[in-house]
Amino acid sequence: MARLSSSLVATGLGAVALLASTLAASAEFAGRGVFAFASGSGCPIAAGSGENCNRLALDDEDTRATLDEATHTLRFANGRSYDGKRIVGDVVLQGSGRTADGQRVPLSFHALLSRSGNDWSFSSHAHAPVRGEFSEIRIDPWQLVVGEAGGERVLFSSAQVVEALAKPSLTARLADELVQVRDNRESAARDADITVGLGVSKAVKWVARTRFVTTRNRPLAEAMREGTWSLELQALSGQIPRQVVQRDLFLYGLESQALLQPLLQRGFRKNEKLTIGATGGKGFVRYDGQQREFAGADATARGFLQGSFLGLVLGWQQQQLQPVALDAKARPNGR
């Protein structure tokens, strides 16, 4: 359940975003923060190239990163020795691929970086709104490098990113079988509504539900442009780990919201809801029966829809505006 939750609250902290600064062509970053940089291969929400939907996150004050656009290299450095394994940063790259039936769908590559003692480790996986293998992958050719005693080590190359998106590993395919995504919409076309659970067949434990609500079933980009929409996450279980909730509030620009401090401190209780939205272009955050103005609502929603598995599926479903056969699966460590 703890491993699933990392996809859930990624999936699901329904309200989350890159409160991120736009990166320059080459730039250095130090300390805790979340930053966006351009994807020349397009973004899940905005069409075209050059949109700032790739993500670079630094989890503590001891981590530094350099973005070198000339060589498409992301370099991470950290001189601290950690007592136990600690997440220190991550990278999300946006792209797309073609399904076996010829449809082009959004794809994301997510790498999570950790330190234990003086050693680096990482895990990576792909986010996709449907299952299967993909061809004609489009994604910017970034590689990730970490500094070590005596030199540098490539954690993943651009070729490995393409391979991970095109052909999920055996481990990823096995994980697919344990995480279920259900389309809650009925036969009539309506806004995206997904429930995610853990298990197989009748033994599935449903853990979270997330919905995107518009007026008159608007396409995603149109609804956000017009400024009237809401993104809701409901926890169907009280077992989503608190540390997962805390990191996702950080990743998506919500940890400083006074209204959400109880959620930050104790995590989700069963059936609690968190909603981010806008009415007439004016953003809000709603939790525990209270609502506050939130100028960052649009950025939070875009960050969640483009940076998490459930967000990617939810956004793609909203683009369809009709019920679809969802056999997409979450990755156990996805955010």
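This note goes through the sheets, helices, salt bridges, one buried residue and the disulfide of a predicted model.

1. The seven-stranded sheet. An open sheet is built from 7 strands, and reading across it gives the order β13-β14-β15-β16-β17-β18-β19, with antiparallel pairing. Its edges are formed by β13 (179-183) and β19 (290-293), each of which has a pairing partner on one side only. From one strand to the next, the twist averages 15 degrees. As general background, the strands of a sheet pair through backbone hydrogen bonds, and this pairing can be either parallel or antiparallel.

2. One end of that sheet in detail. Strand β18, which covers residues 282-287, is joined to β19 by 4 bridges, and the two strands run antiparallel. A reader who wishes to find this pairing in the structure may start from V285, whose bridge partner in β19 is R292. A side-chain link is also present here, since K282 forms a salt bridge with E293, with the closest N and O atoms 3.0 Å apart. In this pair K282 belongs to strand β18 and E293 to strand β19, and the two residues are 11 residues apart. E293 counts as exposed, because its relative accessibility is 60%, and the cut-off for that class is over 50%.

3. Helices against the seven-stranded sheet. Helix α8 (residues 309-320) lies across β13, β14 (193-198), β15 and β16, and runs at about 145 degrees to β14. Helix α7 is mostly covered, with 8 of its 11 residues buried. Those buried residues are A297, T300, A301, G303, F304, L305, Q306 and G307. When reading such a list, it helps to recall that an α-helix has 3.6 residues a turn, so residues three or four places apart point the same way.

4. A salt bridge within the same sheet. The side chains of E232 and R211 meet in a salt bridge, at 3.2 Å from N to O. E232 lies in strand β16 and R211 in strand β15, so the pair ties together parts of the chain that are 21 residues apart in sequence. The two partners are covered to unlike degrees: E232 is buried, with a relative accessible area of 12%, whereas R211, at 25% relative accessibility, counts as partly exposed.

5. A salt bridge between a helix and a strand. The count for the structure comes to 18 salt bridges, and the pair of R247 and D90 is one that deserves a separate look. The closest N and O atoms of R247 and D90 are 3.4 Å apart. R247 lies in helix α5 (residues 242-251) and D90 in strand β7 (residues 82-98), so this salt bridge ties together parts that are 157 residues apart in sequence. Are the two partners buried or exposed? R247 is buried, with a relative accessible area of 8%, and D90 is buried too, its relative accessible area being 0%. In general terms, side chains of opposite charge can pair when their charged atoms come close.

6. The five-stranded sheet. Another open sheet has 5 strands in the order β2-β5-β6-β11-β12, and its pairing is mixed. Its edge strands are β2 (26-30) and β12 (151-156), each pairing on one side only. Neighbouring strands of this sheet are turned against each other by 20 degrees on average, direction ignored. At the β2 edge, 5 bridges join β2 to strand β5 (residues 63-68), and these two strands run antiparallel. Within this pairing, the bridge partner of S26 in β5 is D68.

7. The surroundings of V105. V105 is found in strand β8, which spans residues 104-117, and at 1% relative accessibility it counts as buried. Leaving aside neighbours within four places in sequence, V105 is in contact with G95, S96, G97, T99, P129, F134 and W316. The C-alpha atoms of V105 and P44 are separated by 8.5 Å, although these residues are 61 residues apart along the chain.

8. The disulfide. How many disulfides does a search of the whole structure find? The search finds 1, formed by C43 and C53, whose sulfur atoms are 2.0 Å apart. C43 sits in the loop between β3 (33-39) and β4 (51-58), while C53 is in strand β4, and the two are 10 residues apart. With -85 degrees about the S-S bond, the link of C43 and C53 is left-handed, and both cysteines are buried.

Note on methods
Residues numbered from 1 in each chain as written. Predicted model: local features only at pLDDT ≥ 70, side-chain atom pairs only at ≥ 80, totals over all residues. Heavy atoms only, no water. Pairing = 2+ DSSP bridges. Axes fitted to C-alpha atoms, helices over the stretch in contact; angles between N-to-C directions. Contact = heavy atoms within 4.5 Å. Salt bridge = Lys/Arg side-chain N within 4 Å of Asp/Glu carboxyl O. Buried < 20%, exposed > 50% of the residue type's maximum accessible area, 1.4 Å probe, protein only. Disulfide = S-S within 2.5 Å.
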